[in-house]
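Ready for a few short exercises? Try each task with the structure open, then follow the worked solution.

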Amino acid sequence: MVAVAPLATTTTTKLYSLTCGLNLGSARSLQWPKKETPCCTRKAGHNKVTAQFELKPPPYPLNGLEPNMSQETLEYHWGKHHRGYVENLNKQIVGTDLDGLPLEDVIVRTYNKGDILPPFNNAAQIWNHDFFWESIKPGGGGKPSGELLELIERDFGSFDKFIGEFKTAATTQFGSGWIWLAYKTGKLDVGNALNPRPSELDKKLVIVKSPNAVNPLVWNYYPLLTIDVWEHAYYIDFENRRHDYISLFVEKLVSWDSVSSRLELAKAQAAERELEEERNKKEAEKTSDSEDEVYVDDNSDDSEAE
Ligand SMILES: [Fe+2]
């Protein structure tokens, strides 16, 4: 599996592994009862051993985004809210079937094709915030270059049009949620998704809005950039002026380097997944053919016996 650079040092490094290997169909019947003896462990100790996700710090000091995002905002947003998701998820899954799974697997399993199970919100919020902190940087903003810019221009008409659509999506998200730039491949396998729509074309960049903790992993998309539009992301610096926060995010904070790296890896992962799906398809056809041959031989034997 190819690791994803922006999350390379986190406990959530297997960003795209779930999009390749997880059987979404089995998630519908997922149960997560307490086990008598947890089977998965990460830390050795004298007493009971359990899996624990950890709070990862942003890749810069808490005052590193000033004056565009205050230290006080990070102290609350990362130090209180993000930390809370980690602590709550650890309490929710300890000793369950989810204990010991990669975070992305917990997210997809508990999303449960839209029939959300209780640990989903905390699990997805951990992942979303790790991804958010690495979507921005001190001295960010400006304009991307290279293939990323070419794809943005191809799929949105121009960089300015993309920025306009991204801002509109972030401004109009009703209530709490996230806005994403994502690389879309494959057909949508979630029938109840309202946004995005299953009919959208493949292998293109898309802007999607997600409510509450939902993220594009549950649609099998490759996230490239996100902005957190929960009020806790901006109320200290901007009070209720979400639009000003969004403008500052795109003008002064976005790390286009991270987005470019994510696009490169997303394309590699998508190509790998395509090959794997092709191999699986051929294997299934081969199995089907050999079963047909057995059936023909059986008839032939019967015929001779008569
Ligand atoms: Fe947040």
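## Exercise 1: The iron site

Start with one residue: H129 counts as buried, because its relative accessibility is 0%. Here, buried means under 20% relative accessible area, exposed means over 50%, and partly exposed lies in between (1.4 Å probe, protein chains only). This is a predicted model, in which local features need pLDDT of at least 70, side-chain atom pairs count only at pLDDT 80 or more, and totals for chains, interfaces and linings use all residues. Residues are numbered from 1 along each chain as its sequence is written, and side-chain values use heavy atoms, with hydrogens and water left out.

**Task.** Find the protein donors of the iron ion and name the geometry of the site.

**Solution.**
1. Look for donors, meaning N, O and S atoms within 2.8 Å of the metal (3.2 Å for Na, K and Ca); water is not among the atoms, so sites may look incomplete.
2. You should find H77 (NE2), H129 (NE2), D228 (OD) and H232 (NE2), 1.9 to 2.1 Å from the iron ion.
3. Along the chain, these donors follow the spacing H-x51-H-x98-D-x3-H.
4. H129 sits in helix α5 and H232 in the loop between β3 and α8, so this pair ties together parts that are 103 residues apart in sequence. Helices (H or I, at least four residues) and strands (E, at least two) are DSSP runs, numbered from the N terminus.
5. H232 is also buried, at a relative accessible area of 9%.
6. The angles among the four donor atoms are 90 to 128°, and the site is tetrahedral. For four donors, that term requires all angles to lie between 85 and 135 degrees.

## Exercise 2: A covered strand

**Task.** Decide whether strand β3 is mostly covered or mostly open, and find a strand that pairs with it.

**Solution.**
1. Select residues 222-228: seven of the seven residues in β3 are buried.
2. Strand β1 (residues 177-184) runs antiparallel to β3, joined by six bridges. Strands pair if DSSP finds at least two bridges between them.
3. One example is A182, whose bridge partner in β3 is P223.

## Exercise 3: Backbone surprises

**Task.** Describe the backbone at P67, N220 and E239.

**Solution.**
1. The peptide bond from E66 to P67 is cis, with omega near 5°.
2. N220, which is not a glycine, has a positive phi near 70°. N220 is partly exposed, at 21% relative accessibility.
3. E239 is not a glycine either, yet its phi is positive, about 50°. E239 is exposed, with a relative accessible area of 54%, in the loop between α8 and α9.

Notes:
Tetrahedral: all angles 85-135°; square planar, octahedral: opposite > 155°, others 65-115°.
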